[in-house]
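Me: Got a minute to go through this one with me? I'd like to start with the cysteines and then wander a bit.

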Amino acid sequence: MSKFVAALPMYDWPEVRGEVDAQWTRLRDAFRQRGIDAPETLVRRNGDLPPVPGGILDDAAKLIAPDPATLPPDELDFHELWLSPALLFGQTCWGPMELGLARHVQVVAQPNYDAFEGGQGELYSSALVMLADGKASMPAPADGRAAIPLDLLRGRRFTFNSIDSMSGVIALTRHLEALGESLDIFSSRSESGGHRSSIVAVAEGRADIAAIDCQSWALAQRFEPAGKGVKVVGWTARRKGLPYITARTTAEKTIAAMREAVAAVESGASEQPLVQLVG
């Protein structure tokens with residue numbers, strides 16, 4: 001049994017868990033072929049994370065997260081997962097990375113977003129969605145630049161998945177600031193808990209607008225009935241997508257082998273291809 005854990009939680013909707021598991025199987029086998037002790041299955045709950053008596057400490061022996069064994073076992077705390085010393089391969093967002101997570105993990109690779117409108121290679125963007133009115137959605141700009149409809153945003157109720165989300169709020173905040181505005185352009189702001197929940201809130205009239213990353217938007221169009229009740233009215237600019245990470249203690253030779261494996265999987269996969277990290 002592997003001493004490590006792996007998780008791909010960011011797009012792990014119930015409807016596509018078979019696809020996510022298949023993605024991990026390809027990665028796991030490629031890792032094992034290179035001598036990496038990859039776990040058999042993905043972690044999806046706190047109860048499956050190895051306990052850390054006394055809590056998770058940083059390099060200075062400062063407590064940065066509680067013992068996973070003290071958390072609700074059937075939930076999954078993303079920060080607990082990301083900070084786990086047993087993390088071999090996981091997935092996060094550049095929002096948490098910029099807010100301090102980068103000090104405690106190492107980046108392995110970036111996903112490829114070519115399959116999704118608003119994506120290009122390792123770059124992705126967010127669709128700004130509002131209630132459908134019978135008119136067509138705005139296509140993603142071909143040049144990848146931001147298209148922020150200030151007149152449609154002003155005075156509206158904005159909902160976002162989480163305050164540390166690059167795709168849900170941070171990117172839009174930066175675009176607004178570049179235009180001489182701020183989140184104060186909205187009449188109210190609320191945290192939905194997830195991109196899917198944001199779409200439902202807009203469709204049900206509990207919010208007026210949300211920023212949804214392009215892969216989550218593609219999933220919503222496949223599986224979320226509320227997705228048919230909203231339309232795209234703008235886009236954030238393309239920027240680096242959600243990175244794949246490993247624990248800060250993972251050896252350099254293991255990371256090099258994982259990058260080699262990721263590149264091999266990407267060259268042979270037709271679903272959710274990966275790209276090797278450059279730089």
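Me: So how many disulfides are there in the whole structure?
Reply: Zero, going by a search of the whole structure. Keep in mind that this is a predicted model.

Me: Why no bond for Cys 93?
Reply: Distance. The closest cysteine sulfur to that of Cys 93 is in Cys 214, and at 12 Å it is too far for a bond, given that a disulfide needs the two sulfurs within 2.5 Å. Seen from the other end, the sulfur of Cys 214 has Cys 93 as its closest cysteine partner, again at 12 Å.

Me: Are those two buried or exposed?
Reply: Cys 93 is buried, at 7% relative accessible area. Cys 214 is buried as well, at 1%.

Me: OK, aromatics next. How many aromatic pairs does the search find?
Reply: Nine over the whole structure. Take Trp 24 and Phe 31: their ring centres are 5.9 Å apart and the planes sit at 65 degrees, so that pair is edge-to-face, the cut-off being over 60.

Me: And how accessible are Trp 24 and Phe 31?
Reply: Trp 24 has a relative accessible area of 1%, so it counts as buried. Phe 31 is buried too, at 0%.

Me: What else is in the cluster with Trp 24 and Phe 31?
Reply: Phe 89 and Tyr 244. Together with Trp 24 and Phe 31 they form one aromatic cluster.

Me: What's the geometry between Phe 78 and Trp 82?
Reply: Their ring centres are 5.7 Å apart with the planes at 45 degrees, so the pair counts as tilted. Both residues lie in helix α2 (residues 78–83), four residues apart, which is about one turn of the helix.

Me: Which way do those two go on burial?
Reply: They split. Phe 78 is partly exposed at 30% relative accessible area, while Trp 82 is buried at 3%.

Me: Does either turn up again? I mean, what lines the second largest cavity?
Reply: Trp 82 is one of the lining residues, along with Leu 83, Ser 84, Pro 85, His 104, Ala 247, Arg 248 and Thr 249. By class that lining has four nonpolar, three polar and one charged residues.

Me: How much space is in there, and how many cavities are counted?
Reply: About 40 Å³ in the second largest cavity. The count is three cavities of 30 Å³ or more.

Me: And the open pockets? What's the volume of the largest pocket?
Reply: About 830 Å³. It is lined by 31 residues, and the closest to its centre are Pro 9, Met 10, Phe 78, Gly 193 and Gly 194. So that's where Phe 78 comes back.

Me: Which helices supply at least two residues of that lining?
Reply: α2 and α6 (195–203) each do. By class, the lining of the largest pocket divides into twelve nonpolar, ten polar and nine charged residues.

Me: How about the second largest pocket, what's nearest its centre?
Reply: Met 1, Ser 2, Phe 4, Val 5 and Pro 39, out of 15 lining residues. The second largest pocket holds about 250 Å³, and its lining has eight nonpolar, two polar and five charged residues.

Me: Switching to charges. How many salt bridges are counted?
Reply: The count comes to 20. One of them is Arg 34 with Glu 260, at 2.8 Å from N to O. That pair links distant parts of the chain, with Arg 34 in the loop between α1 (17–33) and β2 (56–57) and Glu 260 in helix α8 (residues 252–268), 226 residues apart.

Me: How accessible are Arg 34 and Glu 260?
Reply: Arg 34 is partly exposed at 27%, and Glu 260 is partly exposed at 47%.

Me: What about Asp 133, which residue does its side chain meet?
Reply: Lys 231, in a salt bridge of 2.9 Å, N to O. Asp 133 lies in the loop between β7 (126–131) and α4 (150–153), and Lys 231 in strand β11 (residues 230–235), so the pair ties together parts that are 98 residues apart in sequence. Asp 133 is partly exposed at 47%, whereas Lys 231 is buried at 11%.

Me: Last one: which residues are joined into one network by shared salt-bridge partners?
Reply: Asp 12, Arg 17, Asp 21 and Arg 44. Within that set, Asp 12 bridges to Arg 17 with the closest N and O atoms 3.5 Å apart. Asp 12 is buried at 11%, and Arg 17 is partly exposed at 37%.

Technical notes. Residues are numbered from 1 along each chain as its sequence is written. This is a predicted model: local features need pLDDT of at least 70, side-chain atom pairs count only at pLDDT 80 or more; totals for chains, interfaces and linings use all residues. Side-chain values use heavy atoms; hydrogens and water are left out. Buried means under 20% relative accessible area, exposed over 50%, partly exposed in between (1.4 Å probe, protein chains only). On a 1 Å grid over the protein atoms alone, a cavity is a set of points where a 1.4 Å probe fits but cannot get out, and a pocket is an open set with protein on both sides within 12 Å along at least five of seven lines; lining residues have an atom within 4 Å of a point. Grid points are joined across faces, edges and corners, and a volume is the space filled by probe spheres set on the points. Ala, Val, Leu, Ile, Met, Phe, Trp, Tyr, Cys and Pro count as nonpolar, Asp, Glu, Lys and Arg as charged, and the others, Gly among them, as polar. Rings of Phe, Tyr and Trp (its six-membered ring) pair if their centres lie within 6.5 Å; planes under 30 degrees apart count as stacked, over 60 as edge-to-face and the rest as tilted. A salt bridge is a side-chain nitrogen of Lys or Arg within 4 Å of a carboxyl oxygen of Asp or Glu.
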